[in-house]
Each structure stands twice: as C-alpha cells, then as structure tokens.
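Me: I am new to this structure and would like a close look at one part of the backbone. Please take me through it slowly.

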Amino acid sequence: MTLVHNWHLGRTMEYPYFESRPKQQFAAVFNINRCIACQTCTMAHKSTWTYSKGQEYMWWNNVETKPYGGYPQFWDHKILQLLWDNGNNPMEWYTSAEDMDEKKAPYGLYNGDTIFELAKTKGLNQMAVGYIPDDKEWRFPNIYEDTAASEKINYETEAAKESSELPEHKRWFFYLQRICNHCTYPACLAACPRKAIYKRKEDGIVLIDQKRCRGYRKCVEQCPYKKPMYRGETRISEKCIACYPRIEGKDPITKGRRMEARCMAACVGKIRLNGLLTGDYKNPDPKNPMDWLIHIHKVALPLYPQFGTEPNVYYIPPRWAPRGYLRQMFGPGVDEALDKYAAPSRELMAVLQLFRTTQTMLSRFEIEDGEKIYESEVMGKKVEVYNDTVIGYASDGTEMVRIKVEEPTWESDEKRMITY
Amino acid sequence: MLKKLLWKSVIIVSVSVPLLLNYSGIILSQGLEKEASVEENIPTKEPLVVKYIDSDLNSADKAFEQVDPLKIELQMQDLAFPNGGGSVKELEVRGFHNGETIFFNLRWNDVTKDERAITHEQFRDAVGMMFPLEIVTISPETPFSPRMGDRGKPVNIWHWKADWEKELHVAGGFEHMEDEYPDMWHDFDFDPHPDYFNKRVHESIPLMAGGIATGTLLSKARGRSVEDLNAIGFGTLTSQAHQDVKGKGAWKNGKWDVVVYRPLITPDENDAQFVPGMETFFNVAVWNGVEGDRNGQKNISIRWRPLKIEIVKYKE
C-alpha cells in the first residue's frame, strides 16, 4: 500500500499504487434537480454498447429512484453497511475551519475508513471491501421506481399532514443517474490481480483490457459503484468505456474535436454536462466549465466520497431531499452547494445554460454581460437574474455555442390561436 | 558558510535515510507479496517417474494402472494477495510416455462438479501443472519460485478447466447464455411467440464482444480442455499463441480424474520440452469452483517435485 492524496476526503489515504493523476480527467456534472428519469441516457447507452448476447442485464448507465431503488439492488446500502458495521469512525467528517483547505480539502476532513483502509485494517482478502451481487440483484434495474421515502424514515412519529414544502420535503424521492465514475483511485483497478484494468494517462478513462481479463470477477466484487460487470457469454468482465472513441474525437460529426459520451449527448432533460477536468486539482482553470462547477464554485459534488475512490462524476444535489440523507450521499459539501444552487449567482446562471447545447466537449467558457431581467427572493436570499450571454469553446478554440440566459420566446399571431 | 551547509546536509541525510528505510515498505511497495521461505527452493526428494509404456490415449487408463502414483499434499495459497484455497488436501499424479506423447493423470476429491462459469457466482473446477521452461537446477543457492516462476525464470503452465472439458462435448463446442438460462427468450415477456421473436432479434445482429474481438480462448470454442500458458511471476499469466496441450477429464463419485497430454517435443519455444532420459521439475495446483477458487485463490503445493522421464525401450 502507498499513501495518496484524495482531495474529496481532504487527506492522504492508503491505495495499492502510487498517486498518478492523468493529464486531463474525464468528468461529468449531473444536475439531479432537472432529471425526469425518462431513461433516454440509459437507452442511448444500451443501444450503443450492450445490445448483444450476455449483456442483457448490463446497464452501464442507469437511473434509479432514491432512497430505495438501486441497480444492482441495494448496492449502496450494502457498501454503507459494510463500512458502518466494520469501519473505524464510519461517515465521520470534520468540517471546522481548520479542517478545510480551499484546494486540498474543500469539503473538510473525512475521519472514517475508506473501502481500501477497511479491507487493510480488517486483514480482509480484498484490496477494497465489497461483494459480488447475484443474478437476483442485477435483474430489476429500475426497482422501486418513483417510490417515495416512507414517513417512517423521516419522521418516526406521525404522518406528514401538510403538503411538502422547501427547503425539505417530508415525502420525497429523487432520481440518481449513474455511470462508471472513472475514479482517480479505482477500486476495480486495485482489485485486479492481473493488472488487466488500466487508467488512461491522457483522459483518465478506466478500461478493462479484454485480452488480459480472465474473468476472475475481482473488479465486480470490489468496485463500490458496481459498474464492472461479468459477461457470461465471453467469460470475462466488461465495463463502461466512457464512449472513448467519441471522447477522442473519432466521430466525424465533430470534425476531430472531442465529443460528449452517448448518454450525455442524449439527455433530454439537459441535466448533463460532460467534459475534461484539467489535471491539477490544486490549480483549477476558472474558465473550464468542469473545473469551475466542481473546484471553484463547488456546486457539484462527488457520489459517496467516503468510499475513497475519488469518483469523477459530480452531482448537483436535489434541493428537496432531507439534508442528512444528502450529506451521507454527497458529503458535507451539500449545504454550500444547495445554497448556491437555490439562489444562483450570475455566473452559475450563465454556466447552467451550457448543459446540453452541443455534442462537442466544451473546454472554455466566456460570459458577456446583459441587462437585468428579473429579481426575486429565494429562502430569504435575493436573486437577480441578468440576461447574460454565455459562449462555449471547444479545446481548439472554436466557438461552439452562444446562448442567452433568457430563453427566446415568440408569440404567435392572434389568427393562429385557434380555440375550440 | 560551506561548513554549515555541509553539516546541514549531513544531518538531513542521516535523518532521512533511516526514515526512508523504515517506511520503504510503504513508500516503495507496489504489490503485497510476501517473501518466500528457503524451503520453497528445495525440491522434494521423491520424484514422479514418467514410465515408458507403449500405449496411447485410448488405453491410457490401463497404462496408468501400471504406474505408481505420487501423492502431493496441497495447502492454501498464502503468499500472493489475494490468498485463498485450502479446501482440497491432496492430489494424485501419475505419468507415462510412449516415445511421442507424454501423459499425466491427476486425481483429487471434489464433492461438487463445477463445470460452468456463466453466472456471476459460478466458478470452475480446474487443475494446473507447471514446469520450468528451461532446464534448471533448483536449490536455495539457485532459487526458482515454485509458485508462478519469476522474472528471468519463466514457467510453462498447463491449465485444465472443467467447463472447457464440458464444452468439448456440446454442440458448437461452446456453451452460451441460453444453456444456463433456457428461458432467456421469454422471461418477463407476454408476447404469444416470444421464443421466435426475441431469438430472431438477438440472432439478427452479429455478436459484439471484446473477448471475441481480441481472440481470447475463454470467449470462443477452442476444441481443447487445456490451456497452454506462460508466466514469469504473480499476475503475469499469459495464454500462448500456439496451443499444444490437450486433455480429457471426468467426474465420478466425488472425484475428478483428468488426463493431460502433449507431444514430448513441440516446435514452440514457449513450451517446456521433454526428452526421454531427462530430469526436470513440476508443480501442481487445484481450483475448487464451489469455494470461489480462481486466480491465486487455489490449493497449491509449495515445493517443486522432480520429474524423471524414462528412456524409450525398444522392442527387439
């Protein structure tokens, strides 16, 4: 084991390999607030990569309903339980001013065991604690769809009589969009005794070498997000490949420029923005939309950072879900992220417009000021909306998109307003 | 000034070197392999004699009755992470050759027959034989790992797999998803003719698979039950481009009975070569599928065994 720095946890942690960050890192921001669970992303993935025999059960992209849903069933409950029952100080975060560091510990300091540390301290025969889900658990990818949290979960005593209101709904559920996180410290990679899994230096994508894999299922066992999957037809394992031919710009449509992954580009609800993080987390680029949302504005948060893998898909948490649940899922950064999202700054308002405007990956944005169009108050905070223009550029500097905050509208002629 | 700097550097070095030595295990280690004991480099005394018997595969059973078995004690693999095994205690090996082909017979107790690896929780029964690729002397002074060979000390491994054996006897030489899930075309489907429709849709598109594209032997019909491999240490196992070993096995009354065979001499430079009259070494390992055995989770012998190949006796 070596010691590596995990900025999600704000500390060094144990990992079987040296710290070796990619030059750039495949990343995405998913805005949970906007997702309607239409599963278009899921089908875009399915029809591209897992339509073939032996992949029937495979959904490299899936959207599940929280708190009960999960694919494979109860994957997160089970990992959390493993940490909770066996780990030291599970889920314990220190968030006082001295535990925070703008660059190395933006969310505070995680004091509990990660999946790697737990496996080591308990002397388990694993690099990371985990389990292999059985057929039954893989079988129902959208089980508990639209099932709200029971009254009992939130309020032990009585049923919620009044209608739900922000900031926290008493009856709630939300959709969680999941793909492989292309972690900085992948547990699947750590688990593979054959080193058949590798993380690409150029874009941080994690892949299983189909020639070296021998179907031992160690990655299936030890990835906490359960995204490597065993294919019975070929006796070896497969996982989300981040549509790497598109990321490399091999698709002719974008003329050699990097292109968003299929599940990202297909998003109807415009919840997804896909791009590359600049490699150095200590010096984020304030003009890169990924760096800005994740490192600088900190409105998008990692999924279960306490696992310790430094996952690279980031979520804007749902405003209405109970904070305790969200802190468990996205770490202590939730309160700040939600404050910022509920009453968005002028810049955030502009950057949010970039979601799903082009298939080309954007690596830079600029904002041109516009006039003030709206003013209101959200949760006691003043919100001013300006009709700014945001411009997105591809990595070669070409302007790919130019969009205003206020959506243009058009009023039809009265003669066309036919009523029956 | 210079003196001061010199003193400073002496102090810094004298502090940092012991620190580095102290923590070098953490700082420099990439794997989790423990040191092998000295005993591991001392081969056992009792050899397996590969007798010359003028026989072939069809009458191999009778030939094996004429030779004495070598009983090999097995233990769990406890050196290379992840560890495992320990459920199979003993393996019986017999060997003979007919001047052209060398035959080994491997028998061990296993109450369950695990000959499929299609679902997530299925693991196959298997047995492996390992030979130094070249002619070597093995002693504590000239160590040679009895586990998976080492850098500069390659081994040739023959790996018999229960599911490959079964697939020799199924149509097409390969088991598919529908063999494990016979209802896969109409599970959860209320179409009156799901069998026809789903099957047709599935078969109308070519099978897309990384395993098939890369030509992995695991992913396609390969017409043999033994894989011919090389290794130079833990995690380096690699399938050969040229496969030379074959086998046949049967499970009866809680016991596997497996024969693996190969021409004594092959044109492949990655194969161990057997010349009648020579002495070399071998080692074995057994995987028990029901226990989740795979890769390093296996039942192993931790000492090399001498292997003596009898000279050919010509009839007058």
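Is Asp146(A) buried or exposed?

Reply: Happy to help! This is a predicted model, in which local features need pLDDT of at least 70 and side-chain atom pairs count only at pLDDT 80 or more, while totals for chains, interfaces and linings use all residues. Residues are numbered from 1 along each chain as its sequence is written, and chains are lettered from A and ligands numbered from 1 in the order in which they are written.

Asp146(A) counts as exposed, because it has 10 C-beta neighbours inside 10 Å. Here, buried is 20 or more other C-beta atoms within 10 Å of a residue's own, exposed is 12 or fewer, and partly exposed is in between, with C-beta atoms placed from the backbone. Asp146(A) sits in the loop between α4 (135-139) and α5 (151-154) of chain A; helices (H or I, at least four residues) and strands (E, at least two) are DSSP runs, numbered from the N terminus.

The backbone at this spot deserves a look too. Most residues other than glycine have a negative phi, and most peptide bonds are trans. Asp146(A), though not a glycine, has a positive phi of about 60°.

For comparison, turn to His182(A), in the loop between β7 (174-178) and α6 (187-191) of chain A. His182(A) is not a glycine either, and has a positive phi of about 40°. However, His182(A) is buried, since 28 other C-beta atoms lie within 10 Å.

Chain A also has a cis peptide bond, from Tyr71(A) to Pro72(A), with omega near -5°. Pro72(A) belongs to the loop between β4 (62-66) and α2 (75-86) of chain A.
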